[in-house]
Amino acid sequence: MTAAQLDIKSLIMDVPDFPKKGIVFKDITPLLAHPEAFKRTIDMMAEPFIGKGIKIVAGIESRGFLLATPIAYRLGAGVVPIRKKGKLPRKTHSASYALEYGQDSIEAHADAFAPGTKVLLVDDVLATGGTAKAACELIEKIGGTVSGIAFLIELGFLNGRSKLPGHTVQSLVTY
Ligand code: AMP
């Protein structure tokens, strides 16, 4: 781990038992609020994808939006929101993922980008991988190619990567 990554970890707070007992929530708000660390985070998350022909960065609601938007700007790409169901006003595609009990779904506009578009998927945390897997399915339903997946944080002990075979998965810091 580089010094820059250590520095970033010092700005990610562990919040035990949030939003429910047994979960250690990774709070990235101190990192987002730190001008130099935020800039470095965005630059480092974007760097592996510079020059890869990415035209769209898709962010997962809602902390994913805060990272996807500046990464898109850095890459000279557009940004597409992947939202919880019922939030987008026009025709959508959706994909489901399992929750601890039952399932939920995420949506994107059916015409969010042209078929064949190279898309970078961005979220704050890779935990079990269910959300990112559903987001990849959604991008593919719209006709896009998932050219990479960038996370700020990977919870390696949950092995979410195994749900994303065949994809280029980058995470800045791992626990
Ligand atoms: P998963 O589908 O299990 O990979 O969960 C990923 C989604 O849940 C991401 O959108 C995260 O924002 C959120 N998430 C899961 N676990 C955590 C955690 N420990 N701290 C913060 N966010 C989390």
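A residue counts as near a molecule or strand if one of its heavy atoms lies within 4 Å of it. Keep that in your pocket for the first exercise.

Some ground rules: this is a predicted model, so to speak a computed one, where local features need pLDDT of at least 70, side-chain atom pairs count only at pLDDT 80 or more, and totals for chains, interfaces and linings use all residues. Residues are numbered from 1 along each chain as its sequence is written, and side-chain values use heavy atoms, with hydrogens and water left out.

**Exercise 1: the ligand**

Task: work out which residues come nearest to the ligand and which polar atoms sit by its oxygen atoms.

Solution. Start with the surroundings: 13 residues are around the ligand, and Asp123, Asp124, Thr128, Gly129 and Thr131 come nearest. Next, look for pairs of N or O atoms within 3.5 Å, the cut-off for a polar contact; within protein, one atom must be able to donate a hydrogen and the other to accept it, and residues adjacent in sequence count only if both atoms are side-chain atoms. The side chain of Asp123 has an N or O atom 2.7 Å from a ligand oxygen. For Thr128, a polar side-chain atom lies 2.5 Å from an oxygen atom of the ligand. Gly129 uses its backbone instead, with a polar atom 2.7 Å from a ligand oxygen. Finish with the cover: on its own the ligand has 480 Å² of accessible area, and the protein covers 81% of that. Those areas come from the Shrake-Rupley method with a 1.4 Å probe; for residues, only the protein chains shown count as cover.

**Exercise 2: the largest nonpolar core**

Task: find which elements give two or more residues to the largest nonpolar core, and list what Val122 touches.

Solution. First the term: a nonpolar core is a set of buried Ala, Val, Leu, Ile, Met, Phe, Trp, Tyr and Cys residues joined through side-chain atoms within 4.5 Å. Buried means under 20% relative accessible area, exposed means over 50%, and partly exposed is in between (1.4 Å probe, protein chains only). The largest core has 26 residues, and among those with the most contacts inside it are Met45, Ile71, Val122 and Leu152. Now the elements, where helices (H or I, at least four residues) and strands (E, at least two) are DSSP runs numbered from the N terminus. Two or more residues come from each of α3 (35-46), α4 (63-75), β7 (118-126), β8 (145-154) and β9 (169-174). The largest share, five residues, is from α4. Zoom in on Val122, using contact in the sense of heavy atoms within 4.5 Å. Not counting residues up to four places away in sequence, Val122 touches Met45, Val57, Ala58, Gly59, Ile60, Gly64, Leu67, Ala68, Ile71 and Ala150.

**Exercise 3: the aromatic pair**

Task: say what kind of aromatic pair Phe18 and Phe25 form.

Solution. Rings of Phe, Tyr and Trp (its six-membered ring) pair if their centres lie within 6.5 Å; planes under 30 degrees apart are stacked, over 60 edge-to-face, and the rest tilted. A search of the whole structure gives one pair. The centres of the Phe18 and Phe25 rings are 5.2 Å apart and their planes meet at 85°, so the pair is edge-to-face. As for cover, Phe18 is partly exposed at 43% relative accessible area.

**Exercise 4: two glutamates**

Task: for Glu61 and Glu154, decide whether each is buried or exposed and name the side-chain partner.

Solution. Glu61 first: it's in the loop between β3 (56-60) and α4. Its relative accessibility is 15%, so Glu61 counts as buried. A polar contact of 3.1 Å links its side chain to that of Arg83. Now Glu154, in strand β8: the relative accessible area is 8%, so Glu154 is buried. Its side chain meets that of Ser171 in a polar contact of 2.5 Å.

**Exercise 5: a lysine in a helix**

Task: place Lys141 and find which backbone atom its side chain reaches.

Solution. Lys141 lies in helix α5 (residues 130-142) and is partly exposed, at 48% relative accessible area. Beyond four places in sequence, Lys141 touches His93, Ser94 and Ala95. The atom we want is the backbone oxygen of Ser94, 2.4 Å from a polar atom of the Lys141 side chain.
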